[in-house]
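Reader: I am in my first year and still learning how to read a structure like this one. Could you take me slowly through a single part of it, the space enclosed inside, and explain what surrounds that space?

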Amino acid sequence: QEPQASGLPEYIKIVEVGPRDGLQNEKVIVPTDIKIELINQLSKTGLPAIEVTSFVSSKWVPQMADHKEVMRGIERHPGVQYPVLTPNLQGFHSAIAAGATEVSVFGAASESFSKMNINCSIEESIEKFEEVTKSARNMNIPVRGYVSCALGCPYEGSVVPDKVAEVSKRLYSMGCYEISLGDTIGVGTPGSMKKMLEAVMKEIPLSALAVHCHDTYGQALANILTAIQMGVAVVDSSVAGLGGCPYAKGATGNVATEDVIYMLNGLGINTGVNLYAVMEAGNFICTALNKKTNSKVAQASFSTGTI
Amino acid sequence: ASGGYPKRVKVVEVGPRDGLQNEKNVVPTPVKINLINMLSETGLQVIEATSFVSPKWVPQMADHTEVMQGINKLPGISYPVLTPNLKGFQAAVAAGAKEVSIFGAASELFTKKNINCSIEESLERFDEVMKAAREASIPVRGYVSCVLGCPYEGKISAAKVAEVSKKMYSMGCYEISLGDTIGVGTPGSMKEMLTVVMKEVPVGALAVHCHDTYGQALANILVALQMGVSVVDASVAGLGGCPYAQGASGNVATEDLVYMLNGLGIHTGVDLQKLMDTGTFICNALNRRTNSKVSQASCRL
């Protein structure tokens with residue numbers, strides 16, 4: 001994308017992670033038909049990519065136990081991608097059998113986090129993902145790579161930018177078309193975001209980078225702004241800010257899609273997404289979950305009667 | 001993209017006034033005094049203490065004289081108070097105030113609805129305050145409301161903001177705090193507005209007062225910093241809802257602001273832990289949850 005006179009991208013791709021990352025971190029188990037309805041509503045908003053579910057063992061993530069039914073049950077709109085998480089080759093095969101046409105793998109920039117989360121070292125996890133990317137390449141299935149703890153780790157504390165660059169490079173080299181850099185515990189600030197991106201941009205082309213910011217410390221939009229000022233043009237977010245932080249009880253997690261779009265609209269950046277339609281989808285899922293939205297734009301719009 | 005950032009930022013704490021004024025529960029005087037005293041221990045250099053406005057209009061600020069006289073005034077810390085007119089100014093000075101603030105707006109309709117006169121008339125009223133303040137050597141801070149949008153007029157032109165700011169600066173205000181009163185601004189409109197205002201008022205005399213009603217405050221503040229603004233208003237625990245959007249948030253939380261500035265290596269002099277403790281205190285007293293995300297999170301790095 002060509003930068004505008006302001007130096008910002010003209011278009012930003014929003015990757016909606018609410019149905020997967022969002023719901024996975026919500027306490028209440030959501031019935032399959034509600035998940036499907038949420039995704040169908042999101043498909044009508046103009047969002048170009050919607051992360052649908054996770055082909056992980058239901059023993060570990062009960063919320064995603066209905067992955068096959070969800071994958072098979074959703075409407076597939078042309079021009080919309082529906083990636084799913086696949087932690088290993090078994091999950092990958094299961095995803096393909098259920099009709100998935102794009103998958104994601106999750107690395108981490110912290111050894112402790114990798115050990116605690118998936119019980120193996122970063123290197124071992126990379127080897128598992130290589131099996132997935134190899135199979136995916138044979139089947140022409142695009143693979144997105146996530147790097148968790150890009151700006152801090154709940155166990156190790158601060159994370160060195162060069163480590164993030166190293167893991168990103170491994171994922172990119174094995175064939176991931178895009179690397180989503182995740183501030184998993186939301187501790188990042190515009191300062192640490194800038195330093196981390198400078199290190200990663202030495203190894204990965206800008207067009208292959210995305211940011212996945214958590215709003216646990218209220219820094220997400222400022223961090224996203226910093227990233228897009230540096231030319232990043234892909235941003236992950238979650239409708240209604242679904243998904244708390246598993247490492248900080250009661251704290252928020254994902255940044256709300258509505259709030260991101262509001263900011264990008266104000267910057268004159270095209271996303272193709274209808275903000276009101278997203279707010280409606282957010283209202284639907286919050287009603288189903290019996291919870292208040294985490295989106296400030298939605299809160300304000302409903303209060304002032306704009307919606 | 002961005003230039004550098006200021007090395008230091010002055011944080012103006014508006015919780016005890018702007019924050020409490022927009023809280024439903026009326027706070028007892030001793031609690032207000034304790035809040036201000038605790039804030040005085042955090043390293044904050046400016047704490048807006050109260051408002052010398054008629055208690056008929058703002059019952060929360062009815063105890064302005066007692067608060068002003070009851071707080072510990074630490075050396076090096078300024079305790080400005082709002083003075084809507086000459087009468088309020090005189091009462092403030094009698095109660096020991098050494099700095100005052102006046103409020104203009106960039107919207108005619110907002111001024112009419114808020115104080116029942118035009119912008120021009122409101123500034124004429126302030127002329128009296130400015131004169132008296134000059135004679136008493138009392139610095140005056142000027143606020144401009146609705147700089148990025150108005151609940152009645154909608155869009156506000158940057159030229160109008162610049163015009164009102166310039167007037168108030170020429171009248172003698174040492175600093176102009178530009179308020180996104182309903183929080184509708186974005187980094188786009190903030191940049192546009194500041195570009196125009198900075199042609200009329202030197203950036204060293206500008207402050208931003210961002211509301212977080214649409215979650216945009218920190219991003220807006222970031223842009224202002226990138227443009228050279230180095231004074232930022234905030235409210236401990238994000239006290240103060242939005243009177244124009246029921247249930248929505250208002251002021252940006254001082255804790256979240258300081259967290260961001262710390263991460264940028266910008267010096268504020270503020271102790272974040274002491275600030276969080278102060279937020280905990282006032283939220284307990286108000287029996288409400290904090291609006292600060294930094295406070296809510298229990299992760300520790």
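Author: In this predicted model, the largest cavity is lined by 24 residues, and those nearest its centre are A:Asp215, A:Gly218, B:Asp212, B:Gly215 and B:Lys293. Two elements give two or more residues to this lining, namely helix 9 (220–229) of chain A and helix 9 (217–226) of chain B. The largest share, three residues, comes from helix 9 of chain B. Sorted by class, the lining holds nine nonpolar, nine polar and six charged residues, and the space within the largest cavity comes to about 270 Å³.

It helps to look at one of these residues by itself. A:Asp215 lies in the loop that runs between strand 7 (209–213) and helix 9 of chain A. Because its relative accessible area is 14%, under the 20% cut-off, A:Asp215 counts as buried. Its side chain makes a polar contact, at 2.6 Å, with the side chain of B:Lys293, a residue that is also listed among those nearest the centre of the largest cavity. If neighbours within four places in sequence are set aside, A:Asp215 is in contact with A:Ala220, A:Leu221, A:Thr252, A:Gly253, A:Asn254, A:Val255 and B:Lys293.

The next element to consider is helix 9 of chain B. Here 10 of the 10 residues are buried, so this helix is largely enclosed by the rest of the structure. Among the buried residues of helix 9 of chain B are B:Ala217, B:Asn220, B:Val223 and B:Gln226. After this helix comes B:Gly228, which has a positive phi, near 105 degrees.

Helix 9 of chain B also appears in the surroundings of another element, helix 8 (residues 190–200) of chain A. The buried residues of that helix are A:Pro190, A:Gly191, A:Met193, A:Met196, A:Leu197, A:Ala199 and A:Val200. Within chain A they pack against helix 7 (161–173), strand 6 (178–183), strand 7 and helix 9, while from chain B they pack against helix 9 and helix 10 (254–263).

A search of the whole structure finds two cavities of 30 Å³ or more, and the second largest can be set beside the one described above. About 30 Å³ of space lies in the second largest cavity, and its lining is made up of A:Lys13, A:Val15, A:Ala49, A:Gln81, A:Pro83, A:Glu102, A:Arg144 and A:Tyr177. By class, that lining divides into four nonpolar residues, one polar residue and three charged residues.

Finally, the annotation record offers a wider frame for these details. In an unreviewed entry, UniProt lists "domain: Pyruvate carboxyltransferase" at residues 12–279 of chain A, and for chain B UniProt places the feature of that name, likewise from an unreviewed entry, at residues 9–276. Over residues 12–279, chain A is 41% helix and 13% strand, with its end C-alpha atoms 19 Å apart. Over residues 9–276, chain B is 41% helix and 14% strand, and the end C-alpha atoms of that stretch are 19 Å apart.

Technical notes:
Residues numbered from 1 in each chain as written. Chains lettered and ligands numbered in written order. Predicted model: local features only at pLDDT ≥ 70, side-chain atom pairs only at ≥ 80, totals over all residues. Heavy atoms only, no water. UniProt positions renumbered as here; feature names shortened; annotations may be inferred. Helix = DSSP H or I, 4+ residues; strand = E, 2+ residues; numbered from the N terminus. 1 Å grid on protein atoms, 1.4 Å probe; cavity = no way out; pocket = protein on both sides within 12 Å on 5 of 7 lines; lining within 4 Å. Points joined across faces, edges and corners; volume = space filled by probe spheres on them. Nonpolar A, V, L, I, M, F, W, Y, C, P; charged D, E, K, R; others polar. Buried < 20%, exposed > 50% of the residue type's maximum accessible area, 1.4 Å probe, protein only. Polar contact = N/O pair within 3.5 Å; in protein donor to acceptor, adjacent residues only side chain to side chain. Contact = heavy atoms within 4.5 Å.
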